[in-house]
Structure formats: C-alpha cells, structure tokens
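Reader: I have the sequence and the 3D view side by side and would like a friendly guided tour. Could you take my questions one by one?

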Amino acid sequence: MSKVLDHKVTIITGAGSGIGEEMAKLFSSEGATIVVVDVVPERVDKTVAAIRSKHGTVYGMVLDLTKKDDIKKLVDDSVKIFDHIDILCNNAGIMDGFYSLEETEEEWWDKVLNVNLKAPYLTTKMAIPHMMHNGGGTILNTSSVAGLYGGRAGLAYTVSKHGLIGFTKHVAAYYGDKGIRCNAMALGAVNTQIGYGSGKPSPLGLKVLEKTTGSMGRPADPQEIARTALFLVSKDSSYINGSVLVADNGWTVY
Ligand SMILES: NC(=O)c1ccc[n+]([C@@H]2O[C@H](COP(=O)([O-])OP(=O)(O)OC[C@H]3O[C@@H](n4cnc5c(N)ncnc54)[C@H](O)[C@@H]3O)[C@@H](O)[C@H]2O)c1
C-alpha cells in the first residue's frame with residue numbers, strides 16, 4: 001500500500017531534537033527518504049538510528065547552518081545521493097532569552113538571525129533550482145506566534161520569526177506557478193529542549209510574556225506538531241500555498 005510521502009526526498013533541519021526529530025520519524029514512517037540535519041553529532045546519530053530501526057531510508061549530516069559552505073554541501077550531497085529534493089523543512093532555530101531591544105547585543109542578534117532566518121534563505125535559495133528542475137516541491141518553515149505578535153519572545157527571535165513569515169509568503173508568490181508550495185507553521189509553546197538559548201532569561205522579557213501566557217494552556221507535544229507538519233508537506237494540503245498555520249492551542253485567539 002502506498003504511503004502519504006512515498007519516496008519523497010525530504011531535508012529536515014534541526015532534526016536531531018524536538019519538533020524536527022518527530023517530523024523526521026513521522027515522515028519516514030509515511031515513506032519519505034529523510035536527510036537529517038543538525039549541528040550536534042549525537043542528535044543526528046539518535047534520529048538516524050531511530051529511523052533505521054524502523055527500516056526507513058535516511059542520511060544524517062552534521063553541519064552548522066550558519067555556514068554557507070555547510071548549506072551548499074547539504075544541498076549538493078542530498079541531490080548527489082538521492083537524485084533530487086522534494087521537500088525542504090527549514091525547522092532549526094534557537095531562542096533568544098526574551099531579551100528586549102536594550103538587552104540584545106549585536107553578536108546575539110546576528111546569531112539568532114543567522115540560524116532562524118538567513119539559513120532558511122540560503123537553504124531555500126540553493127534547493128529551489130533543483131525543485132524547479134524536478135517539476136516542483138514543497139517548503140515548510142517553522143515559525144512561531146512570535147512571528148505574528150510582539151510580546152511572545154525577545155527582539156531577535158521576534159524579528160527572525162516575523163521575517164520567516166514574510167519569506168514564506170514571498171517564495172509562495174514567486175514560485176507557486178512553478179509547482180512549488182511554501183508554507184509556515186506559527187507555533188505556540190512546544191515541549192522541547194529549545195530553552196532560552198542565551199542563558200538566563202531576561203526578567204523584563206518574562207514579565208512581558210506573563211501578560212499573554214494566561215490563555216496558553218498546556219504546551220504541545222512535538223509529535224502533535226509533526227502531524228500538523230505532515231499535512232502541510234503532503235498532497236492533503238495541495239491547495240495551500242503561502243499560508244501560516246497557527247498551532248498554539250488558542251493562545252493567540254484572545
Ligand atoms: N519549542 C517551542 O516552544 C517552539 C515554539 C515556536 C517555534 N519553535 C520553533 O521550532 C523549531 C524547532 O525547535 P525545537 O523546539 O524543536 O527546538 P530544539 O532545540 O529541540 O531543536 C532545534 C534543533 O536545531 C538544531 N540547531 C540549532 N542551531 C543549529 C545550526 N546552526 N545548525 C544546525 N542545527 C542547528 C539544534 O541542535 C536542535 O537539535 C525552531 O525553529 C523554533 O524556533 C519552537
């Protein structure tokens with residue numbers, strides 16, 4: 001019996017942990033060929049081993065998405081090994097300690113923007129010619145409700161996730177007629193080890209966040225988000241392009 005993602009060559013960044021790890025395992029169980037990407041070697045090994053234990057086809061790559069040469073290698077090797085790319089999930093991301101403008105040092109601004117926004121720009125820019133050559137493809141970007149509102153994270157993260165949504169819509173607008181769909185998920189709180197990134201969270205940032213957390217309820221399991229992602233990369237969402245699917249347990253309806 002054919003599966004939802006049978007033989008779809010799928011790159012997932014940040015697939016060594018949390019949401020990306022669950023996406024990798026779920027997509028593999030639905031027949032996809034997975035390229036697992038993460039900067040932490042043990043995490044890559046863990047996800048690759050989990051997929052292999054279920055007889056999935058997988059290739060692990062330890063690389064740093066803040067390095068352009070690493071991204072080039074990712075795209076080149078994926079095509080060399082698996083012939084083409086069907087699906088690209090720009091999922092890797094880091095948090096920013098809920099730092100305000102005054103607390104955000106330039107170095108930290110660069111780091112967050114490089115991982116959360118510049119890396120998706122580079123991976124997509126390098127993958128899209130291959131997708132066009134292959135007659136189409138699907139891109140899924142992991143954004144956040146911090147990409148829609150101002151008080152859900154620190155400055156750098158908020159800017160990066162707003163940027164990722166603009167990026168999503170632009171790519172959808174320009175490449176939709178080439179058979180390429182590009183969508184984003186705007187996630188609320190998800191139970192992963194993403195943490196505060198920069199160390200101790202800013203008390204000022206946490207105070208701002210507190211104003212909005214009353215309506216948040218429980219955090220999501222990363223498996224729940226993986227199922228949302230599966231919908232957005234599969235044919236079930238074939239008419240959805242340039243959309244931002246909010247998965248936040250109703251956190252932002254109030
Ligand atoms: N957890 C949440 O509450 C939440 C909420 C909204 C959005 N998100 C977004 O979901 C995505 C996944 O986050 P998660 O919660 O699963 O976190 P996570 O920390 O569990 O997973 C992220 C992975 O990305 C990897 N990574 C970080 N920098 C990298 C780099 N330079 N090169 C390669 N890999 C790198 C990390 O090693 C990690 O394994 C992120 O984009 C995050 O911003 C998370």
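**Exposure, salt bridges and a ligand**

Reader: With 25% relative accessibility, what does Glu224 count as: buried, exposed or partly exposed?

Author: The relative accessibility of Glu224 is 25%. Buried means under 20% relative accessible area and exposed means over 50%, with partly exposed in between (1.4 Å probe, protein chains only). Glu224 therefore counts as partly exposed.

Reader: Good. Before we go on, what kind of model is this?

Author: Residues are numbered from 1 along each chain as its sequence is written, and side-chain values use heavy atoms, with hydrogens and water left out. Local features need pLDDT of at least 70, side-chain atom pairs count only at pLDDT 80 or more, and totals for chains, interfaces and linings use all residues; what you have here is a predicted model.

Reader: Which side chain does Glu224 meet in a salt bridge?

Author: A salt bridge here is a side-chain nitrogen of Lys or Arg within 4 Å of a carboxyl oxygen of Asp or Glu. For Glu224 the N to O distance is 2.9 Å. The partner has a relative accessible area of 48%, so it is partly exposed: Arg218.

Reader: Which residues are joined into one network by salt bridges?

Author: The structure holds eight salt bridges. Where salt bridges share partners, they join residues into one network: Glu21, Glu22, Lys25 and Lys46.

Reader: About how far along the helix are Lys25 and Glu21 separated?

Author: Their side chains meet in a salt bridge at 3.4 Å, N to O. Glu21 is buried at 10% relative accessibility, whereas Lys25 is partly exposed at 29%. Helices are DSSP runs (H or I, at least four residues) and strands are DSSP runs too (E, at least two), both numbered from the N terminus. Because Lys25 and Glu21 are four residues apart in helix H1 (residues 18-29), they are separated by about one helical turn.

Reader: And which residue forms a salt bridge with Lys80?

Author: The closest N and O atoms of this pair are 3.9 Å apart. Lys80 is exposed at 67% relative accessibility. Its partner sits three residues away in helix H3 (residues 68-82), so about one helical turn separates the two. That partner is buried, with a relative accessible area of 10%: Asp77.

Reader: Now the ligand: how much of its area does the protein bury?

Author: Around the ligand are 29 residues (each with a heavy atom within 4 Å of it), and the closest are Ser17, Asp38, Asn91, Tyr157 and Thr192. Polar contacts, meaning pairs of N or O atoms within 3.5 Å (within protein, one must be able to donate a hydrogen and the other to accept it, and residues adjacent in sequence count only if both atoms are side-chain atoms), include a polar side-chain atom of Asp64 at 2.9 Å from a ligand nitrogen. A backbone N or O atom of Leu65 lies 3.0 Å from a nitrogen atom of the ligand, and one of Val190 lies 2.8 Å from a ligand oxygen. Taken alone the ligand exposes 820 Å² (Shrake-Rupley method, 1.4 Å probe; for residues, only the protein chains shown count as cover), and of that the protein buries 93%.

Reader: Within what arc do the buried residues of H6 fall?

Author: In helix H6 (residues 203-213), Gly205, Leu209 and Thr212 are buried. On the other side, Pro203, Lys207, Glu210 and Lys211 are exposed. The arc is that of the directions from the helix axis to the C-beta atoms. Seen down the axis, the buried residues line one face of the helix, because they fall within an arc of 50°.

Reader: Which residue reaches the backbone nitrogen of Leu204 with a side-chain oxygen?

Author: This polar contact is at the start of H6. The oxygen comes to within 3.2 Å of that nitrogen, and it belongs to Ser202.

Reader: One last point: about what phi does Phe98 have?

Author: Most residues other than glycine have a negative phi. Phe98 is found in the loop between strand E4 (87-90) and helix H4 (106-133), and is buried at 7% relative accessibility. Although Phe98 is not a glycine, its phi is positive, at about 60°.
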